[in-house]
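Grab a pencil and let's work through a few exercises together. Try each task on your own before you read its solution.

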Amino acid sequence: MDNTLVCDLYIGGEWRPAADGRRMEVVDPATEEPVTSIAQAGREDTLAAIDAAAAAFPDWSRVPPWERSAILRRAAALLAERAEDVARRLTLEVGKPIAQARAEIQATVECIDWYADEARRLYGESLAGRTPGQRFFVSYQPVGVVAAFTAWNFPVVLQARKISPALAAGCTVVARPAEEGTGAVTELVRCFIEAGVPAGVLNLLTGLPQEISETVMDSDLVRKLSFTGSIPVGQHLIRRSADTVKRLSMELGGHAPVIVHEDVDVAAVAATSVVGKCRNAGQVCVSPTRFFVHRRIKDAFVEHFVEATRRLRLGHGLDPETDVGPLINRRRLEFVEKMVRDTVADGGRLLLGGRRPADLNRGFFFEPTVIDDVPDEARAMREEPFGPIALMTSFEDFDEVIARANALPYGLAAYTFTRSMNTAQRTIDALEVGIVGVNTYAAATAEMPFGGVKHSGFGRENGRQGIQDYLDIKFANVVM
Ligand code: NAD
């Protein structure tokens, strides 16, 4: 079967190759075989997409919210119909097990559907003024052209978390997904188009980011950028946004601590922690990474964790028996290999994994890895591993563990396991993060806000808060 999909740019309502004809290939990370041929957008294409989005903005921003809502709802329904095909494409392009790809598409459907509703709920405010006959009004208006840049680890849902609230708010969009995952995102864009999104309202640029990004950042027509990716790239984009004073949303890296108290069912928490850690081979911004386990249960916890990790099956994501797929590319593979070496050199004790599997000699596979007794100063404890690496350490008391959990500049997600409501509430209050899971690793859901604090970024996606990032506030002082 030839799996190669050919993807073009979508600009001003037309599918077209890059102006200079450049293309690039995306490989299946499990086989290293090409699976998608994508157009490489350059400066000329980017300017055309921005112009198309700017030209479409006045009309789209005036489309009544109920009509925008109906279009989004149709897009969600189309994606639901095509879910299986899109999930398979997603697995081929980014390697995640097919069940996880299906879950990503389901989350995407829910996100679009949620913003179909939120489009109709952009309430303003009014207040009596200071003098008789005076009224104060606050209304919300779409910010204008929005650029949406996203990472490859959840390529479809990450784009949907930007496109859906932007369209719901009345903004127009220039979307640039990561090169890996482009085919699956192209299918998402098709759903919006076939649902009735008018020409120019949603534009898709594909390929390596450099030229696209620089052109977008220089443009005064682009009024907002929403970015999901690493902290260094986010910092670069924040600096680059100064000249045009763009509004920004930044969904950046994380380094989630997990605080396991002594009152839990140790085997059960260890088992669920392995599933949480190895989801998408650990390439998740909210992946549980620093396991702070109470001293009295630490050895038992680590033993159960290692046993459950040993049972995981690595393989191609389309094989339904696979628990863990490959890493996304060779660069990430070399990064995590070095991260493990450095962490062991820094004093960690390697209990499991730490290498490429002997029986899989193609693809970017890496064995799920457990390192025990990791000093807080070790490299992986300070720097986001973004791979299947679990770091174990112990703690004695509450204040100590909170201080250690909060010690990094990251502030995205954190988790705690306890049966005590009191401990849970104190932990929620004390952690410097945007998201806390208590007895669960589920960190994202369409109806609740997702995002970080500190170097993990600002702005929120999902929930009723997510659409606010795409709206400007206008105050009117009316004296009649
Ligand atoms: P990265 O920042 O290097 O790349 C992310 C995306 O941005 C890729 O598509 C890349 O091509 C693109 N990119 C790179 N340079 C760019 C530029 N100058 N302008 C515009 N786009 C550019 O990160 P990565 O290593 O590929 O992705 C993993 C990172 O993303 C991790 O740090 C992870 O925590 C983070 N992430 C965060 C969230 C979140 O919601 N907070 C979600 C997923 C991933």
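The exercises below deal with a predicted model.

**Exercise 1. The two domains**

Task: Find which residues make up domain 1 and domain 2, and how far apart the C-alpha centres of the two lie.

Solution:
- Step 1: Start with the bounds. Domain 1 takes in 5-252 + 455-479, and domain 2 takes in 256-445.
- Step 2: Now the spacing. The C-alpha centres of these two domains are 31 Å apart.

**Exercise 2. Where the domains touch**

Task: Describe the interface of domain 1 and domain 2 by its contacts, its buried area and its salt bridges.

Solution:
- Step 1: Count the residues. On the domain 1 side, 29 residues are in contact with 30 residues of domain 2.
- Step 2: Look at the area. The size of an interface is often given as the accessible area lost when the parts come together. Here about 2400 Å² is buried between domain 1 and domain 2, and carbon and sulfur atoms give 57% of that.
- Step 3: Add the polar links. The rule finds 2 salt bridges across this interface, along with 14 residue pairs in polar contact.
- Step 4: Ask which elements of domain 1 take part. Both α3 (83-94) and α4 (98-118) supply at least two residues to the side that touches domain 2. The most comes from α3, with 5 residues.
- Step 5: Sort that side of domain 1 by class: you get 11 nonpolar, 8 polar and 10 charged residues.

**Exercise 3. A helix and its buried residues**

Task: Work out which residues of helix α8 are buried, and what they pack against.

Solution:
- Step 1: Helix α8 spans residues 231-240, and its buried residues are I231, G234, L237 and R240.
- Step 2: Think about the spacing. An α-helix has 3.6 residues a turn, so residues three or four places apart point the same way.
- Step 3: Find the neighbours. The buried residues of α8 pack against β8 (145-149), α7 (209-218), β11 (222-228) and β12 (247-251).

**Exercise 4. Two asparagines with positive phi**

Task: For N280 and N439, decide whether each is buried or partly exposed.

Solution:
- Step 1: Check the backbone. Phi of N280 is near 50 degrees, and phi of N439 is about 65 degrees. Neither N280 nor N439 is a glycine.
- Step 2: Place them. N280 sits in the loop between α9 (266-278) and β14 (288-294), while N439 sits in the loop between β19 (435-438) and β20 (457-458).
- Step 3: Apply the cut-off, where buried means under 20% relative accessible area. N280 is buried because its relative accessibility is 4%. N439, at 42%, is partly exposed.

Notes. Residues numbered from 1 in each chain as written. Predicted model: local features only at pLDDT ≥ 70, side-chain atom pairs only at ≥ 80, totals over all residues. Heavy atoms only, no water. Domains from an automatic or database assignment. Contact = heavy atoms within 4.5 Å. Buried area = accessible area lost by both parts, 1.4 Å probe. Salt bridge = Lys/Arg side-chain N within 4 Å of Asp/Glu carboxyl O. Polar contact = N/O pair within 3.5 Å; in protein donor to acceptor, adjacent residues only side chain to side chain. Helix = DSSP H or I, 4+ residues; strand = E, 2+ residues; numbered from the N terminus. Nonpolar A, V, L, I, M, F, W, Y, C, P; charged D, E, K, R; others polar. Buried < 20%, exposed > 50% of the residue type's maximum accessible area, 1.4 Å probe, protein only.
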